[in-house]
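Thanks for making time, everyone. I'd like to walk you through a structure that's new to most of you, so have a look at it on the screen before I start talking.

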Amino acid sequence: MSQLADKTALITGASTGIGLATAQRFIAEGARVYLTGRRKRLLDAAARELGERAIAVQSDVSDLADLDRLFGRIAADENRLDILFANAGGGEADRPLDTLSPEVFDRTFGINVRGTVFTVQKALPLLNAGGSIVLTGSSSARRGTAGFGVYSATKAAIRQFGRVWAAELAPRGLRVNTLVPGPTDTPGLRGLAANPAQAGAFVDALASSTPLRRAADPAEIANAVLFLASDQSSFITGSELFVDGGEVQVYP
Ligand SMILES: NC(=O)c1ccc[n+]([C@@H]2O[C@H](COP(=O)([O-])OP(=O)(O)OC[C@H]3O[C@@H](n4cnc5c(N)ncnc54)[C@H](OP(=O)(O)O)[C@@H]3O)[C@@H](O)[C@H]2O)c1
């Protein structure tokens with residue numbers, strides 16, 4: 001039986017990568033999915049590929065007016081949400097402390113932290129009791145990788161918000177969990193390579209730090225999001241689910 005029949009989900013950052021793979025999985029399980037992203041061309045292409053149960057709303061999570069427009073659209077459609085996957089985020093070629101710029105700091109915290117916080121806050125009036133909120137963390141939040149200070153700090157913040165919100169939102173019947181991907185072969189990860197020709201080697205180098213010696217396919221991450229989003233995880237809240245090829249547990 002379909003695991004998400006009659007459910008409505010919002011996935012932020014679903015035009016590529018982990019978000020898109022999760023939208024595909026959710027729709028295959030019977031859900032209606034709102035998806036967001038900033039680049040309209042990619043977002044529209046994703047929605048076309050996903051079919052009629054996908055609804056694209058171009059928006060930037062770091063822009064509060066865009067978030068109001070997004071949730072206004074869902075309300076105007078007379079829909080409520082059962083699942084929120086607050087996934088939009090990413091990093092830039094990060095810098096060691098001595099050359100870190102305020103612009104990279106503000107942009108990364110603006111999307112990954114501020115964007116996630118106000119996405120979840122503004123979704124609350126629309127979330128049904130029994131609903132599930134899934135945040136996207138990162139295995140990098142558990143490691144001290146030189147040059148990854150800003151990105152890994154944003155994801156450490158997500159991990160902590162997840163715990164606090166699990167406590168705050170349990171009385172409303174909402175569960176909150178943080179999904180923790182390890183290296184996952186997405187356009188976002190490849191974009192961190194010094195140039196496109198080096199993207200494969202860059203992903204391979206990161207993959208070599210996992211016991212499984214490979215990067216995840218985004219569909220493997222989507223399987224875990226489905227678990228956290230569905231009633232299969234009904235007694236799980238405040239947790240982090242590591243989908244990292246063993247990276248953090250085996251080589252802490
Ligand atoms: N890939 C990995 O190895 C890995 C590992 C750990 C954690 N993660 C996390 O997983 C999440 C997804 O990453 P990914 O690898 O799938 O990257 P991706 O392929 O770059 O996908 C990111 C998606 O988010 C959208 N997005 C980015 N900034 C946004 C914003 N401000 N507002 C709305 N949408 C935005 C992108 O579209 P636009 O750019 O058009 O907006 C795109 O749809 C991120 O939170 C990332 O930090 C990834």
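**Starting at the end of a helix**

Let's begin right after helix α3, where the next thing along is Glu 78, with a positive phi near 60°. Keep in mind that this is a predicted model. Most residues other than glycine have a negative phi. Glu 78 goes the other way although it is not a glycine. Where does Glu 78 sit? It's in the loop between α3 and β4, the strand at 81–86. And is Glu 78 buried or exposed? Exposed, with 6 other C-beta atoms within 10 Å.

There's another one like that. Asp 6 is not a glycine either, and its positive phi is about 65°. You'll find Asp 6 in the segment before β1, which runs 8–11. Asp 6 is exposed too, with 9 other C-beta atoms within 10 Å.

Okay, back to α3 itself. This helix covers residues 64–76, so 13 residues, and it reaches 18 Å from first C-alpha to last, close to the 18 Å expected at 1.5 Å a residue. Which of its residues are buried? Leu 67, Leu 70 and Phe 71. Those buried residues take up an arc of only 85° around the axis, so they're on the same side of α3. An α-helix has 3.6 residues a turn, so residues three or four places apart point the same way. Flip to the other side of α3 and you get Ala 65, Gly 72 and Ala 76, which are exposed. As for what covers the buried residues, that includes β2 (32–37), β3 (54–58) and α4 (102–123).

Now zoom out. The protein splits into domain 1, which is 8–181 plus 219–241, and domain 2, which is 185–215. Their centres are 22 Å apart, going by C-alpha atoms. Six residues from domain 1 and four from domain 2 make the contact. On the domain 1 side, that's two nonpolar, four polar and no charged residues.

Last stop, the largest nonpolar core, with 58 residues. Among those touching the most other members are Leu 35, Phe 85 and Val 225. Helix α8, residues 218–229, gives the most to this core, with seven residues. Both domain 1 and domain 2 put in at least three residues each. If you want one residue to click on, try Leu 35: its contacts include Ile 11, Ala 23, Leu 43 and Ala 56, leaving out residues up to four places away in sequence.

Conventions:
Residues are numbered from 1 along each chain as its sequence is written. This is a predicted model: local features need pLDDT of at least 70, side-chain atom pairs count only at pLDDT 80 or more; totals for chains, interfaces and linings use all residues. Domain bounds come from an automatic or database domain assignment. Two residues are in contact if their C-beta atoms, placed from the backbone, lie within 7 Å. Ala, Val, Leu, Ile, Met, Phe, Trp, Tyr, Cys and Pro count as nonpolar, Asp, Glu, Lys and Arg as charged, and the others, Gly among them, as polar. A nonpolar core is a set of buried Ala, Val, Leu, Ile, Met, Phe, Trp, Tyr and Cys residues joined through C-beta atoms within 7 Å. A residue is buried if 20 or more other C-beta atoms lie within 10 Å of its own, exposed if 12 or fewer, and partly exposed in between; C-beta atoms are placed from the backbone. Helices (H or I, at least four residues) and strands (E, at least two) are DSSP runs, numbered from the N terminus. The expected span of a helix is 1.5 Å times one less than its number of residues. The arc is that of the directions from the helix axis to the C-beta atoms.
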